[in-house]
Amino acid sequence: MPTATKQATVDALLTAHGETYAQEAGVRLRDTPQPLYQLLVLAHLLSARIRASVATDAARALFDDGMRTPKRMSDATWQQRVDALGKGHYRRYDERTATQLGEAADQLLDRYGGDLRRLRKTAGGDIGECGRLLRELPGIGPAGSDIFLREAQGVWPEAAPYFDAKALQGAARLGLPTSPDALARLAGAEDFPALAAGLVRSALDRRVAQDVTARADS
C-alpha cells in the first residue's frame, strides 16, 4: 500500500472511529490517581469475552454509583458492585468480577496507596515490568494490561508506541503496517491511544474496517 494511501486510511480511522475506550466510558484520562484507576477498572471489564459497549456501560455504572477510586471500590459491598455491573448489563461475569474488583482495589491500596503512579515508579520506566506489575492485580491478565497500557500511553509516554496484538490485527485488516514503529510514523504521539482504539475496533468489527476503507478511497 502506498504511503499516501496508508496515511489516508489512518486519517479516516482517526476521524470516524478514533474515540478511545476511556473517552467512551466518560473517563478524562490524566496522570492522576482517579482517572488512572478508572482506566484500570475499564481495562478489567474490557478484557472479558463481552461486547466493548457493555464493558464501557458497566464502567460508567460503577463510576456513577461512586466507585471511582480504590477506596470507594473497596468500601462498597460485593452486592453494590454486582448491582452496578447489572445496571450496565454486565451480567455474564458480574459475580466473579465484583469479587475481583474488590480484591484488586484492596491490593492496589496495600501496595501502592491506591495510586497507579507508584506502580509506574516501581517499574522504573520499564514498560514490560509495568505490565507484569499490572498483571499481579486480581482480574488483570495479559489482555487487561495491554488495554490499560495502550490507552495510558497518552499520559505515560514511555509506553509509546503501544500497539498490542489486537491493534496489530486491525492494522493488518486495513492493510496498514503491522509493526508498532511503522504505525507510529503515520500519526502524532498524541493520537497513539486513539489510533490503537480504532485499530482494535477494526479487528473486532469488519464493518468498521469496511467503513474506513470506503472513507479513505473517497
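The side chains of Arg-117 and Asp-115 come together in a salt bridge, with N and O 2.9 Å apart. This pair is a handy place to start a tour of the structure, which is a predicted model. Asp-115 sits in the loop between helix 7 and helix 8 (116-123). With a relative accessible area of 10%, Asp-115 is buried, because buried means under 20%. Arg-117, on the other hand, is partly exposed, its relative accessible area being 34%. The two side chains also make a polar contact, again at 2.9 Å.

Salt bridges turn up elsewhere too, and the structure holds twelve of them. As a general point, side chains of opposite charge can pair when their charged atoms come close. Another case is Asp-65 with Lys-87, where the closest N and O atoms are 2.9 Å apart. Asp-65 belongs to the loop between helix 4 (52-64) and helix 5 (70-75) while Lys-87 belongs to helix 6, so this pair ties together parts that lie 22 residues apart in sequence. As for the surroundings of the two partners, Asp-65 is partly exposed at 35% relative accessible area. Lys-87 is exposed, with a value of 52%.

Next come Arg-132 and Glu-136, whose side chains meet in a salt bridge at 2.7 Å, N to O. Both partners fall in the partly exposed class: Arg-132 has a relative accessible area of 37%, and Glu-136 has one of 33%. This pair does not stand alone, since salt bridges with shared partners link Arg-111, Glu-129, Arg-132 and Glu-136 into one network.

Charge also shows up in another way. On the surface, a patch of positive charge brings together Arg-49, Arg-92, Lys-166, Arg-173 and Arg-206. One of these residues, Arg-92, lies in the loop between helix 6 (78-87) and helix 7 (94-112). Arg-92 counts as exposed because its relative accessibility is 65%, and the cut-off for exposed is over 50%.

The backbone has a couple of oddities worth a look. In general, most residues other than glycine have a negative phi, and most peptide bonds are trans. His-89 goes against the first of these habits: its phi is near 65°, a positive value in a residue other than glycine. His-89 is placed in the loop between helix 6 and helix 7, and that loop is also home to Arg-92 of the positive patch. The second oddity is the peptide bond from Ala-160 to Pro-161, which is cis, with omega near -5°. Pro-161 is found in the loop between helix 10 and helix 11 (165-173).

That loop between helix 10 and helix 11 also holds Ala-159. Ala-159 is buried, with a relative accessible area of just 5%. How far apart in space are Ala-159 and Ala-214, C-alpha to C-alpha? The answer is 32 Å, for two residues that are 55 residues apart in sequence.

A few more residues help to fill in the picture. Val-212 is part of helix 14, which covers residues 206-217. Is Val-212 buried or exposed? At 0% relative accessibility, Val-212 counts as buried. Its C-alpha atom and that of Pro-180 are separated by 20 Å, with the two residues 32 apart along the chain. Gly-139, meanwhile, has its place in the loop between helix 9 (127-135) and helix 10 (142-152). Gly-139 counts as partly exposed, at 25% relative accessibility. Gly-139 and Gly-128 are eleven residues apart in sequence, and their C-alpha atoms lie 18 Å apart in space.

Notes: Residues are numbered from 1 along each chain as its sequence is written. This is a predicted model: local features need pLDDT of at least 70, side-chain atom pairs count only at pLDDT 80 or more; totals for chains, interfaces and linings use all residues. Side-chain values use heavy atoms; hydrogens and water are left out. Patches are made of residues with over 30% relative accessible area and no salt bridge: like charges are joined within 9 Å, nonpolar side chains (Val, Leu, Ile, Met, Phe, Trp, Tyr) within 5 Å. Accessible areas come from the Shrake-Rupley method with a 1.4 Å probe; for residues, only the protein chains shown count as cover. A salt bridge is a side-chain nitrogen of Lys or Arg within 4 Å of a carboxyl oxygen of Asp or Glu. Lys and Arg count as positive and Asp and Glu as negative; His and the chain ends are not counted. The place of a charge is taken as NZ of Lys, CZ of Arg, CG of Asp or CD of Glu. Helices (H or I, at least four residues) and strands (E, at least two) are DSSP runs, numbered from the N terminus. Buried means under 20% relative accessible area, exposed over 50%, partly exposed in between (1.4 Å probe, protein chains only). A polar contact is a pair of N or O atoms within 3.5 Å; within protein, one must be able to donate a hydrogen and the other to accept it, and residues adjacent in sequence count only if both atoms are side-chain atoms.
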